[in-house]
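Trainee: Please pick one part of this model and look at it closely with me. I would like to see who its neighbours are, and I need the cut-offs behind the words you use.

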Amino acid sequence: PLTEAFGWSRADVQTALVFSTGLSALTAMGVGWLNDRYGPRPVALPGLVGLALAFFFAANMNGSLWMLYLAYGSMAVLGAGTTPVTWTRALTTQFDRQRGLALGIALTGTGVCAILAPLYTVMLVEHFGWRGAFVGIGLLPLLLAGPLVWSGFHVKPAVKPMATEAATTEAPAFGAADRGLTLGEAASGYRFWVLGASIFLVYLAVSGISPNLIAALGDKGYPPSVAAAAQSAYGLAIIGSRLVVGFLVDRFWAPGVALVSLLLPVAGCLLLANADPGFVLIMV
């Protein structure tokens with residue numbers, strides 16, 4: 001709808017998304033510091049309000065390309081407190097033995113969003129236009145997530161790792177696990193950089209596929225409702241995979257679990273590139 005309204009190319013809109021993702025990466029360290037200093041709840045609440053305001057600003061774009069970048073940049077900066085840094089930081093301080101499963105359950109919210117958001121957005125665009133869609137999406141963090149975080153998101157002080165036989169006999173190892181690593185200590189090892197590069201590449205792939213899936217299916221001749229249904233099936237897969245992966249990383253070598261998990265979407269992309277029948281799209 002934005003390309004039709006203002007004559008922007010799909011590349012223009014996609015670049016705005018990449019710009020927003022880049023700003024989110026730059027703000028992540030600051031958000032992490034604020035979480036450590038003030039706790040997740042005081043960071044999340046202003047972030048939800050800021051994210052809503054950014055969507056409301058996007059609803060008033062006038063066709064200038066700089067406003068598109070400003071709107072999506074505002075989503076990244078004003079809504080920085082709503083990124084996974086805040087939610088996962090809260091979880092990692094509350095869970096020890098089943099931390100992977102706890103993270104998997106919480107992050108199924110991404111899958112729920114992937115199921116409902118496309119259907120909701122298509123409905124808003126069809127009835128109220130793209131401006132109404134931005135307003136309708138902006139109301140979600142303000143009227144839905146905001147009250148839930150205000151009333152229920154109270155994080156207790158961090159739990160200490162449970163003492164095991166190894167921990168009781170090797171006090172230094174327990175002390176290191178208890179306090180974690182400083183930024184300097186983490187950055188001095190190769191794992192930090194491998195993890196950072198991996199996350200960058202995964203986000204690069206996801207940011208290319210997810211926002212463009214409905215548009216790509218539209219290019220193949222599918223109506224918006226069918227394309228949104230395919231995106232929702234994508235969300236169902238996210239929910240199942242988060243639960244399974246969370247369960248597995250508590251029990252097996254996490255990098256190996258990640259390797260297998262990342263090979264599956266590669267196969268899905270290859271299938272999607274040549275998919276025509278609707279059931280194949282749903283299977284992807």
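Mentor: What follows begins with the whole chain, settles on its second helix and then moves outward from there.

First, the ground rules. This is a predicted model, in which local features need pLDDT of at least 70 and side-chain atom pairs count only at pLDDT 80 or more, while totals for chains, interfaces and linings use all residues. Residues are numbered from 1 along each chain as its sequence is written, and side-chain values use heavy atoms, with hydrogens and water left out.

Now the overall picture. The protein has 15 helices and zero strands; helices (H or I, at least four residues) and strands (E, at least two) are DSSP runs, numbered from the N terminus. Of its 284 residues, 30% count as buried, where buried means under 20% relative accessible area, exposed means over 50% and partly exposed lies in between (1.4 Å probe, protein chains only). The accessible surface comes to about 16900 Å², and carbon and sulfur atoms hold 72% of that; such areas come from the Shrake-Rupley method with a 1.4 Å probe, and for residues only the protein chains shown count as cover. If you take the contacts (heavy atoms within 4.5 Å) with a separation of 6 or more, 75% of them join residues 24 or more positions apart.

The part I would choose is helix α2, residues 10-38. Let us walk along this helix by residue number. Gln14 sits in α2 and is buried, its relative accessible area being 16%. Leaving out residues up to four places away in sequence, Gln14 touches Ser207, Gly208, Pro211 and Asn212. Further along α2 comes Thr27, which is also buried, at 19% relative accessibility. Under that sequence filter, the residues that Thr27 touches are Ala76 and Ala80.

Next, look at how α2 meets helix α3. Val31, Leu34, Asn35 and Tyr38 of α2 are in contact with Pro40, Pro42 and Val43 of α3. By type, these residues divide into six nonpolar, one polar and no charged; Ala, Val, Leu, Ile, Met, Phe, Trp, Tyr, Cys and Pro count as nonpolar, Asp, Glu, Lys and Arg as charged, and the others, Gly among them, as polar. The two axes come within 7 Å and cross at roughly 130 degrees, which makes α2 oblique to α3. Here axes are lines fitted to C-alpha atoms, for helices over the stretch in contact, and angles run from 0 to 180 degrees between N-to-C directions. Angles under 35 degrees count as roughly parallel, over 145 as roughly antiparallel, 65 to 115 as roughly perpendicular and the rest as oblique.

From α3 the packing continues to helix α4. α3 (residues 40-58) and α4 (residues 65-78) have axes 8 Å apart at an angle of about 170 degrees, so this pair is roughly antiparallel. Their contact brings Pro46, Gly47, Gly50, Leu51, Ala54, Phe55, Phe57 and Ala58 of α3 up against Met67, Leu70, Ala71, Ser74, Met75 and Leu78 of α4. That set splits into 11 nonpolar, three polar and no charged residues.

Back on α2, there is a charged pair to notice. A salt bridge is a side-chain nitrogen of Lys or Arg within 4 Å of a carboxyl oxygen of Asp or Glu, and by this rule the count is one. The partners are Arg89 and Asp36, with the closest N and O atoms 3.3 Å apart. Asp36 belongs to α2 and Arg89 to helix α5 (residues 84-94), so the pair ties together parts 53 residues apart in sequence. Asp36 is exposed at 55% relative accessibility, whereas Arg89 is partly exposed at 24%.

With α5 reached, one further step leads to helix α6 (residues 99-106), whose buried residues are Gly100, Ala102 and Gly104. Their cover includes α5, α7 (108-152) and α13 (224-249). Arg242, a residue of α13, is partly exposed at 29% and touches Gly104, Leu107, Thr108 and Thr110, residues up to four places away in sequence not counted. In α7, Pro118 is buried at 9% relative accessibility. Pro118 and Pro224 lie 9.3 Å apart, C-alpha to C-alpha, though 106 residues separate them in sequence.
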